[in-house]
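User: Hi! Could you walk me through this model, going from the overall fold to a few local details?

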Amino acid sequence: MKRINLLPQEERAKASRERGLIWAIVILVAVVVALGLVYVKYQSDVNAKKDDLAAVQADLAQVQARIAELRPYAELQAQRTAMTETAKGIYRAGVPFSILLQQLSLVIPENVRLQSLQATVPAFMLPGAAQDPQAGASTAADITFTGQTEEHRDVAEFMTRLGLMPQLTDIVLSNSDEQTASAEGGKSYVQFTLTTRLRPYTTQPPATQLQEVTP
């Protein structure tokens, strides 16, 4: 049997609008609920991040407090390091002339007689100076030996033995002249002058340098 809608046309239109409005309200409520759920989720994430940040800040505060406790020890370590470097500089710059003279007494040949010994400390070996020998080294001699012996080969032997001393370098023969004693019938002797330079113990031992001497 065919159904007949007895409602007037206006009532049917009104009912249709009401149904559309109800669906719109339902959809709006669903959207609001969905947005609320999203907000709750993100708010929960934000709170979790805030808790993590608070934990990190607490750990940072503990670390900073620990650093503050250890700062005096760091300052002591810095002072110790500075004192160690200063001591190393003093040791490297030191010239133990007593040891040099003791070594000289062991290497000098028996028939060589020293008349004078002049010594100066080079600038680069002074405390506080640059420790690079090439930076402050000059060509001037640091130690000058003047003496007498019987033959020229004694001078050569003396130079060779000086090369065994670890703190001497650039051993140079300035002159070696054969002379005769002023007394009648006096024996001849060799007057010589040697120069050398000082070097720190930390450098490698050099070779003895010989220069040709004009007769």
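**Fold, helix faces and surface**

Analyst: Happy to! In this predicted model, the elements follow one another along the sequence as α-α-β-α-β-α-β-β.

User: How many helices and strands does the chain have?

Analyst: The order along the sequence reads α-α-β-α-β-α-β-β. Tallied by type, that gives four helices and four strands.

User: Which side of α4 carries the exposed residues Arg 153 and Thr 160, the buried one or the one turned away from it?

Analyst: Start with the buried set in α4 (residues 152-162): Asp 154, Val 155, Phe 158, Met 159 and Leu 162. They share one side of the helix because they span an arc of only 140 degrees around its axis. Arg 153 and Thr 160 sit on the face turned away from the buried side.

User: What covers the buried residues of α4?

Analyst: The buried residues in question include Val 155 and Phe 158. Their cover includes the helix α2 (97-107) and the strands β1 (113-119), β2 (143-149), β3 (168-180) and β4 (188-198).

User: Is Val 29 buried, partly exposed or exposed?

Analyst: Val 29 belongs to helix α1 (residues 9-93). Buried means under 20% relative accessible area and exposed means over 50%. Val 29 has 48% relative accessibility, so it counts as partly exposed.

User: What accessible area do Leu 21, Ile 25, Val 29, Val 33 and Leu 37 have together?

Analyst: An α-helix has 3.6 residues a turn, so residues three or four places apart point the same way. Leu 21, Ile 25, Val 29, Val 33 and Leu 37 make up a nonpolar surface patch, and their combined accessible area is about 480 Å².

Key: Residues are numbered from 1 along each chain as its sequence is written. This is a predicted model: local features need pLDDT of at least 70, side-chain atom pairs count only at pLDDT 80 or more; totals for chains, interfaces and linings use all residues. Side-chain values use heavy atoms; hydrogens and water are left out. Patches are made of residues with over 30% relative accessible area and no salt bridge: like charges are joined within 9 Å, nonpolar side chains (Val, Leu, Ile, Met, Phe, Trp, Tyr) within 5 Å. Accessible areas come from the Shrake-Rupley method with a 1.4 Å probe; for residues, only the protein chains shown count as cover. A salt bridge is a side-chain nitrogen of Lys or Arg within 4 Å of a carboxyl oxygen of Asp or Glu. Helices (H or I, at least four residues) and strands (E, at least two) are DSSP runs, numbered from the N terminus. Buried means under 20% relative accessible area, exposed over 50%, partly exposed in between (1.4 Å probe, protein chains only). The arc is that of the directions from the helix axis to the C-beta atoms. Contact means heavy atoms within 4.5 Å.
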